[in-house]
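Hi,

Here is the structure I promised to pass on. Have a look at it first, and then read my notes underneath.

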Amino acid sequence: IQTGQDNGWILFLAPPGKPNTQLFQKAGVDKRRVLMIDSSNVGDNLSLLSTLLKSRSYCTVVTWVNELS
């Protein structure tokens, strides 16, 4: 993520708050590669997560789930 060797997006799926872009900068993460999907736009987190991972457009996907089956 830091060196940019992987060209995929860094995605935050339904985070409980807004990611801290200053923290990304301090960690050497290019904030232009970071995307966020707000929880109000997500109906089924697990289904969307599955679709996103299959797309291979993301080098990192971070999500918050309350319950797993």
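Below is what I found, going from the overall fold down to single side chains.

One thing to keep in mind from the start: this is a predicted model.

**The fold**

The protein chain has 2 helices and 3 strands. Walking along from the N terminus, you meet them in the order β-α-β-α-β. Of the 69 residues in the protein chain, 20% are buried. The accessible surface comes to about 5200 Å², and carbon and sulfur atoms hold 48% of that. As for how the chain folds back on itself, take the contacts with a separation of 6 or more: 64% of them are between residues 24 or more positions apart.

**The sheet**

How are the strands arranged? They make an open sheet of 3 strands with parallel pairing, in the order S2-S1-S3. Strand S2 (34-37) and strand S3 (58-63) are the edge strands, so each of them pairs on one side only, as you would expect from what an edge strand is. From one strand to the next, the twist averages 20°.

Strand S1 covers residues 9-13, and its parallel pairing with S3 runs over 5 bridges. If you want a spot to look at there, find phenylalanine 12: its bridge partner in S3 is valine 62.

Then there is helix H2, residues 45-55, which lies across S1, S2 and S3. Relative to S3, helix H2 runs at about 170°.

**The aromatic rings**

Phenylalanine 12 turns up again here. A pair of aromatic rings is described by the distance of the centres and the angle of the planes, and the structure holds 2 aromatic pairs.

In one of them, phenylalanine 12 pairs with phenylalanine 24, at 5.6 Å centre to centre and with 35° between the planes, which is a tilted pair. This pair links distant parts of the chain: phenylalanine 12 sits in strand S1 and phenylalanine 24 in helix H1 (residues 21-27), 12 residues apart. Are these two residues buried or exposed? Both phenylalanine 12 and phenylalanine 24 are buried.

Another pair joins phenylalanine 12 to tryptophan 64. Why does this pair count as stacked? The ring centres are 6.2 Å apart and the planes are at 25°, and planes under 30 degrees apart count as stacked. Tryptophan 64 lies in the segment after S3 while phenylalanine 12 is in strand S1, so the pair ties together parts that are 52 residues apart in sequence.

The two partners sit differently with respect to the surface. Phenylalanine 12 has a relative accessible area of 12%, so it is buried, given that buried means under 20%. Tryptophan 64, at 35% relative accessibility, counts as partly exposed. Put together, the ring pairs link Phe12, Phe24 and Trp64 into a cluster.

**The salt bridge**

Side chains of opposite charge can pair when their charged atoms come close. How many salt bridges does the structure hold? It holds 1 salt bridge, and that one is formed by arginine 32 with aspartate 30. Their closest N and O atoms are 3.0 Å apart. Arginine 32 counts as exposed because its relative accessibility is 66%, and exposed means over 50%. Aspartate 30, at 28% relative accessibility, counts as partly exposed.

If you open the model, I'd start at phenylalanine 12, since that residue has a bridge partner in S3 and belongs to the ring cluster.

Cheers

How values were computed:
Residues numbered from 1 in each chain as written. Predicted model: local features only at pLDDT ≥ 70, side-chain atom pairs only at ≥ 80, totals over all residues. Heavy atoms only, no water. Helix = DSSP H or I, 4+ residues; strand = E, 2+ residues; numbered from the N terminus. Buried < 20%, exposed > 50% of the residue type's maximum accessible area, 1.4 Å probe, protein only. Contact = heavy atoms within 4.5 Å. Areas by Shrake-Rupley, 256 points an atom, 1.4 Å probe, with all protein chains shown as cover. Pairing = 2+ DSSP bridges. Axes fitted to C-alpha atoms, helices over the stretch in contact; angles between N-to-C directions. Phe/Tyr/Trp six-rings, centres within 6.5 Å; stacked < 30°, edge-to-face > 60°. Salt bridge = Lys/Arg side-chain N within 4 Å of Asp/Glu carboxyl O.
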